[in-house]
Amino acid sequence: MFSTGSPSRAQTQSHAATPATAATAAQIAPKSETREVIDETGRSIRIPQSIHRVVSLAPSITETLYALGLQDELVGDTDYCDYPPDAQHKPKVGGAINPSIEAIAALHPDLVLVTKALNRLDTVRALADLNIPSYATDPHTVAEILSSTQHLAELLGVPESGAAIVKDLQARLAGTQQRLASFPQRRVLFVVWPQPLISIGKKTFIADALFYAGATSIIDSSQDWPQVSLEEVVRQQPEFLVFAESHASEAPPGIDSLANLPGWRVLDAVKNRHYALVSDAVNRPALRIVSAIESLAKQLHPEAYPVARGAEKDNLTGYHGTVPPLSATALRLPQSFLSFMAPSAEALASTPEHACSL
Amino acid sequence: MQPLTLWRVLARCGILAVILFVVVVVALKFGAVQVSLWGLGRDLISVILHRTSAISTDYGMIVIDIRLPRILLAIFVGAALSVAGTSFQALLRNPLADPYVLGVSSGAALGAVLALIVEPHIALPPAVTALLTPLGAFLGAAATIASVYVLGRREGLLDTNTLLLAGIITASFLSAIIIFLMTTLVSRDLHGMQFWLMGDLSIALQRNLRWILGVTFAIAAAAIYTTAGDLNLLLSGEKEAMHLGVDVPRVRLVVYIAASVLTGLAVSVSGAIGYIGLLVPHVMRWIFGSDHRILIPTAAFGGAIALVIADTLARTVVAPAEIPVGAMTALAGAPLFIYLLRKRLA
């Protein structure tokens with residue numbers, strides 16, 4: 001695969017407008033048929049005018065592409081792109097942190113989509129050496145997830161469908177806001193990992209999503225994934241513990257056993273089983289976060305949903321006293337924790353934020 | 001070597017016990033939540049008198065239910081690692097030896113990772129589930145101890161060099177398996193993984209587990225202490241020790257098994273905390289000399305003191321956030337080690 005740069009350049013040439021210039025196309029063609037765009041990290045990149053082959057290096061981006069109806073343009077994604085289920089059948093290029101550059105190049109993408117919080121700058125540089133452009137998204141809030149979706153829609157030539165989706169989701173968020181307007185914010189602890197206790201910082205999109213769901217995190221840390229003192233949590237006595245659920249994954253001690261553990265059992269939220277379980281979508285900066293916000297809002301503020309309460313009891317009233325068995329409530333880590341996957345000790349030591357400052 | 005008297009041992013241990021007590025009180029005082037010394041004393045007396053109803057405040061619950069168990073865990077883990085390190089340094093007659101040199105921590109980490117992988121796929125009562133990861137870690141450690149023992153024998157007996165090489169190779173092989181699992185099978189429990197590599201004392205243990213740990217620690221430490229006199233003779237050489245009547249193979253076996261069990265226990269509940277088992281034995285040897293009859297108990301106290309201090313710093317320097325205690329011991333341990341080394345040479 002030493003000549004991986006050539007095929008992609010050759011393909012670019014084949015789009016050349018005038019065959020007469022084909023002889024010198026190698027020098028001038030890329031300029032005449034590319035455009036310059038600024039990605040969300042402020043990098044200026046050159047990409048082909050029309051984009052037909054896209055590789056996604058983040059589960060959140062894969063989800064967004066499907067939502068925009070661009071699944072046919074998606075020619076490759078990562079091992080962890082599992083939503084929608086069809087994404088699992090796309091050609092795989094490895095993990096988000098350690099993708100195979102060869103496998104990406106072999107797919108001849110017009111553009112590779114990365115996200116700053118998850119992918120590594122090394123990956124972007126290696127792709128640039130092969131003349132494969134990469135566009136980085138960098139959403140930090142729910143609003144930025146929506147605007148980032150709009151940017152991708154414009155970039156990939158489907159601005160209308162992007163605008164329609166974003167408008168619909170904004171209306172749903174506004175509806176939730178309206179319902180919750182008269183209720184005080186719940187004070188919650190978002191549990192990323194119980195032992196050792198990892199929660200979320202105030203700058204994460206999850207903290208922002210909690211806000212939309214009528215809740216505030218008791219943890220006020222500027223780190224994104226702070227290891228938190230249980231003492232501090234006991235002092236703050238959150239009203240609810242929020243867990244992200246997963247049906248297939250590994251779990252540290254399940255939430256059922258928390259009531260027996262020193263420290264945890266002193267928490268009012270544990271004594272009263274005030275647990276809220278939210279879909280693992282909350283861990284990904286993609287559009288399903290709006291559904292996760294709605295589900296969380298219903299669990300934290302059942303009084304704001306009086307009609308639905310009887311009709312959809314199981315889904316809406318949270319899990320007070322009826323926590324599903326452990327296998328169904330296994331916890332899932334946010335996307336950024338995938339970076340601990342890195343094969344080298346060097347990459348292990350780097351946090352997601354530092355891993356990629358594009 | 002001065003003749004050993006009970007007084008010499010008790011005097012040294014007594015001083016260290018007083019220091020440990022002071023350190024524990026300071027550790028109880030400081031944390032993410034401020035408590036007064038007066039309130040602390042009152043609550044502790046209530047606990048001792050079993051009048052738990054007298055502890056009404058949240059703050060009392062924080063200190064008694066979170067801080068105290070964690071400090072006790074630090075004492076246990078610190079003492080276990082330090083005694084294990086002292087034993088391995090004597091057994092292998094190598095100043096670089098630490099509790100992890102023979103692969104026990106890698107085996108425990110692998111066991112913990114495997115437990116994390118199988119946990120969602122088997123249905124167990126919650127009480128057992130909470131124990132599964134420490135249990136997996138301990139089984140991993142035990143399996144490693146057994147295989148290194150088999151590999152480290154020469155003509156049926158433990159041989160120092162063979163044991164050391166077998167341990168190092170086993171450790172590196174197990175680390176390779178962990179890396180392989182991390183990059184292929186395991187997808188999401190990677191923070192749990194980091195915990196096993198780094199060392200952390202913040203996990204809450206169930207009460208029954210604490211008793212098992214305490215009793216096993218006492219048995220293993222006592223077994224090592226019975227060989228203290230023989231270890232002194234071993235320092236002058238194996239042939240010499242044998243001529244002086246030491247049953248060298250038996251001493252090796254007892255020390256190897258007991259020290260490995262101590263390490264396995266410590267790693268199962270706290271991950272691989274570095275430097276305590278390497279640094280504390282050296283410091284204690286420089287202060288109290290290399291008579292193992294004194295060195296082993298003083299090393300136990302020294303390890304406990306060092307780890308309680310390190311964990312208190314880990315809890316407080318960035319409060320209300322925390323840093324893994326393993327990062328703290330490495331951060332403080334390496335420069336301290338260099339300083340002591342240069343000072344001793346000067």
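**Exercise 1. Confidence**

What is the mean pLDDT of chain A, and what percentage of its residues reach 70 or more?

*Solution.* The pLDDT is the predictor's confidence in each residue, from 0 to 100. For chain A its mean is 76, and 74% of the residues reach 70 or more. This is a predicted model, in which local features need pLDDT of at least 70 and side-chain atom pairs count only at pLDDT 80 or more, while totals for chains, interfaces and linings use all residues. Residues are numbered from 1 along each chain as its sequence is written, and chains are lettered from A and ligands numbered from 1 in the order in which they are written.

Next, take the extremes. Confidence in chain A is lowest in helix 14 (residues 345–349), at a mean of 33, and highest in strand 3 (residues 54–56), at 95. Helices (H or I, at least four residues) and strands (E, at least two) are DSSP runs, numbered from the N terminus. The pLDDT is below 50 over residues 308–358 of chain A, a stretch with 119 contacts in the model beyond near neighbours in sequence; a contact means C-beta atoms, placed from the backbone, within 7 Å. Where pLDDT is low, the predicted coordinates should not be read in detail.

**Exercise 2. A sheet in chain A**

Determine the strand order of the open sheet of four strands in chain A.

*Solution.* The order is 8-7-9-10, with parallel pairing; strands pair if DSSP finds at least two bridges between them. Strand 8 (215–217) and strand 10 (275–278) of chain A are the edges, each pairing on one side only.

Now follow the bridges. Strand 7 (residues 186–191) of chain A is joined to strand 9 (residues 240–244) of chain A by four bridges, with V191(A) partnered by F243(A). Four bridges also join strand 9 to strand 10 of chain A, where F243(A) has L277(A) as its partner.

**Exercise 3. Burial and core**

Which residues of strand 10 of chain A are buried on each side?

*Solution.* Y275(A) and L277(A) are buried on one side, A276(A) and V278(A) on the other. Buried means that 20 or more other C-beta atoms, placed from the backbone, lie within 10 Å of the residue's own. In a regular strand the side chains alternate between the two faces of the sheet.

Finally, turn to the largest nonpolar core (buried Ala, Val, Leu, Ile, Met, Phe, Trp, Tyr and Cys residues joined through C-beta atoms within 7 Å). It has 184 residues, and those touching the most other members include A209(A), V242(A) and V77(B). Helix 3 (residues 58–91) of chain B gives the largest share, 19 residues. Leaving aside neighbours within four places in sequence, the contacts of V77(B) include L201(B), A266(B) and L307(B).

Conventions: Two residues are in contact if their C-beta atoms, placed from the backbone, lie within 7 Å. A residue is buried if 20 or more other C-beta atoms lie within 10 Å of its own, exposed if 12 or fewer, and partly exposed in between; C-beta atoms are placed from the backbone.
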